[in-house]
Amino acid sequence: MSGADADAVVVGSGPNGLSAAVRLARAGASVLVLEGHEQIGGGARTAQLTLPGFHHDVCSAVHPMGILSPWFRELPLEEHGLRWLRPAASVAHPLDDQPAVMLRRPVEETASALGGERDARAYRRLVEPFLRDPPGFFRDALAPFRIPRHPFRLLRFGAVGLRSAAAVAKRFGGARGRALLAGCAAHSILPLEQPLTGAVGLMFLLAGHVEPWPVAAGGSGAITSALASLLRSLGGRIQTGVQVTSLDQLPPARLYLFDTSPAQLARIAAPALPPGYLRRLHRYRYGPAAFKLDWALDGSIPWKDPACLQASTVHLGGTFEEIAAAEAAVWRGEHPERPYVLLCQQSEHDRSRAPEGKHTGWAYCHVPSGSTVDLTSIVERQIERFAPGFRDRILARRVTAPADLEAYNPSYKGGAITGGVNDLGQLFTRPVARLDPYSTPNPRIFLCSASTPPGGGVHGMCGYHAATSALLRLERFRPAPLR
Ligand SMILES: Cc1cc2nc3c(=O)[nH]c(=O)nc-3n(C[C@H](O)[C@H](O)[C@H](O)COP(=O)(O)OP(=O)(O)OC[C@H]3O[C@@H](n4cnc5c(N)ncnc54)[C@H](O)[C@@H]3O)c2cc1C
């Protein structure tokens with residue numbers, strides 16, 4: 001590792017690490033990013049995981065919060081190669097023996113297909129109050145816990161969102177609205193009877209009415225490549241192949257920002273942090289894991305309802321009750337026979353992902369932390385339920401089990417993918433309850449990963465807010481290099 005002094009060293013080049021580095025570099029700080037892998041990108045990377053010519057998203061696939069991120073929108077990422085591709089619909093939610101429920105950008109088109117005027121009105125009443133100033137809404141929603149710019153609207157959002165998805169679903173008399181909400185709320189990886197799952201469901205619905213949930217042209221790696229290119233243009237440096245296990249490995253710097261799990265921060269920086277804080281970092285909860293599959297396909301997925309092909313994301317699992325039962329089972333440590341499966345079909349919206357006439361498929365389901373059960377046939381059976389003949393289109397598959405996820409990135413503890421449980425006890429106080437959650441008791445050490453507010457997803461907001469906190473420290477105290 002070449003060790004010219006930097007104002008800040010960032011450990012990890014995921015979307016949050018790179019966002020923190022860009023924020024610091026834009027403010028004039030000299031920045032060095034150290035990445036353990038040979039490639040940058042963390043949870044936003046693309047690779048040929050199955051056959052030559054098939055480009056798969058190693059982790060994140062679809063980016064509703066990426067396209068709406070106030071931070072990404074402020075950056076000239078298009079000039080550095082990022083292009084969002086918008087599908088005709090954000091979500092398709094197939095149900096047995098009836099047309100799929102579709103989340104489409106116009107509220108009216110979504111509402112009117114929910115199966116009756118009563119549920120259409122309930123849907124409009126649910127989403128419309130928050131769609132008057134979407135940029136302002138998402139700025140508040142993706143900020144750390146603080147006084148919002150629009151407190152009354154956020155209070156109104158809280159009044160709905162603090163409730164469970166199960167409670168919010170009672171607005172709908174029919175199965176279609178309830179299923180659409182369940183599919184969006186289950187992104188929380190929480191039982192749907194828990195508080196806050198209503199907020200997660202509502203956020204994803206709202207996002208779909210502002211921008212169709214997009215994929216990145218060429219693959220999710222284009223997001224982090226654009227951030228890295230922007231960083232280099234600002235003078236920032238990135239070194240790959242440097243797995244940091246101890247503070248002794250780090251070159252001198254005024255500040256250190258960790259794009260890692262709290263557990264990793266505790267291990268690496270143990271000598272520089274007080275025991276009480278370390279204990280709290282070790283108590284951090286990561287939650288269930290993901291079992292992921294990527295496919296090279298001989299053609300489009302043969303959905304019973306071909307409208308499903310219009311969506312970037314397909315939520316599989318059937319009714320609200322089925323999805324709720326599957327998610328509750330995972331929290332009991334069980335593997336549901338009919339899991340909730342989150343599926344993306346990127347190549348339908350980005351022809352660069354697969355050879356002519358071929359397609360890619362990406363899906364995962366939730367499993368208990370550290371699970372070693374192979375769910376390939378169970379996931380594929382759930383797809384076959386809504387797309388008979390799917391298996392016949394498979395040319396090759398790649399299985400990524402929880403242990404593979406953790407081997408890929410030690411921050412994915414037990415195979416957990418969202419930076420830690422998003423429940424009431426942890427969403428606003430990640431990694432521990434502090435006025436400034438990005439800071440640590442050591443004035444030179446910060447956490448900037450998805451284990452800080454506002455949590456998981458490729459939006460860069462954790463990195464942005466952590467760097468804002470670090471910049472204040474740099475400007476006010478100008479700390480000397482640590483070593
Ligand atoms: C299977 C899967 C599917 C997902 N799907 C989506 C999706 O569709 N949409 C979405 O928005 N989000 C999705 N996510 C979540 C999203 O990818 C993460 O929330 C996001 O990447 C978090 O960004 P981050 O910068 O905090 O951390 P990461 O992206 O995890 O990046 C951390 C980086 O730090 C490096 N690192 C860690 N420890 C060290 C160390 N000790 N030394 C050096 N380097 C280190 C890692 O190698 C990695 O590159 C998914 C995640 C997974 C795993």
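Colleague: I would like to learn to read strand pairing. In β9, which residue is the bridge partner of Val33?

Modeller: Happy to help! In this predicted model, Val33 has Ile238 of β9 as its bridge partner. Two strands count as paired if at least two bridges are found between them. Here β2, residues 31–34, and β9 are joined by three bridges in the parallel sense.

Colleague: Now for the whole sheet. In what order do the five strands of the open sheet stand?

Modeller: Read across, the order is β9-β2-β1-β10-β16, with parallel pairing. The edge strands are β9 (237–239) and β16 (445–447); each has a single partner strand, so one side of each lacks a neighbour in the sheet. From one strand to the next, the twist averages 20°.

Colleague: Which strands does α1 touch as it packs on the sheet?

Modeller: Helix α1 touches β1 (6–11), β2, β9 and β10 (253–258). Its direction makes about 170° with that of β2.

Colleague: Let's turn to the ligand. How many residues surround it, and which are the closest?

Modeller: There are 36 around the ligand, and Asn16, Glu35, Gly43, Asn409 and Gly457 are the closest. By class, this shell holds 15 nonpolar, 18 polar and three charged residues. Helix α1 returns here, giving the largest share of the shell, three residues.

Colleague: Which backbone atoms lie by an oxygen atom of the ligand, and how far away?

Modeller: For Gly457, a backbone N or O atom is 2.8 Å from a ligand oxygen; for Ala450, the distance from such a backbone atom to a ligand oxygen is 2.9 Å. Taken alone, the ligand exposes 990 Å², and the protein buries 95% of that.

Technical notes: Residues are numbered from 1 along each chain as its sequence is written. This is a predicted model: local features need pLDDT of at least 70, side-chain atom pairs count only at pLDDT 80 or more; totals for chains, interfaces and linings use all residues. Side-chain values use heavy atoms; hydrogens and water are left out. A residue is near a molecule or strand if one of its heavy atoms lies within 4 Å of it. A polar contact is a pair of N or O atoms within 3.5 Å; within protein, one must be able to donate a hydrogen and the other to accept it, and residues adjacent in sequence count only if both atoms are side-chain atoms. Accessible areas come from the Shrake-Rupley method with a 1.4 Å probe; for residues, only the protein chains shown count as cover. Helices (H or I, at least four residues) and strands (E, at least two) are DSSP runs, numbered from the N terminus. Ala, Val, Leu, Ile, Met, Phe, Trp, Tyr, Cys and Pro count as nonpolar, Asp, Glu, Lys and Arg as charged, and the others, Gly among them, as polar. Axes are lines fitted to C-alpha atoms, for helices over the stretch in contact, and angles run from 0 to 180 degrees between N-to-C directions. Contact means heavy atoms within 4.5 Å.
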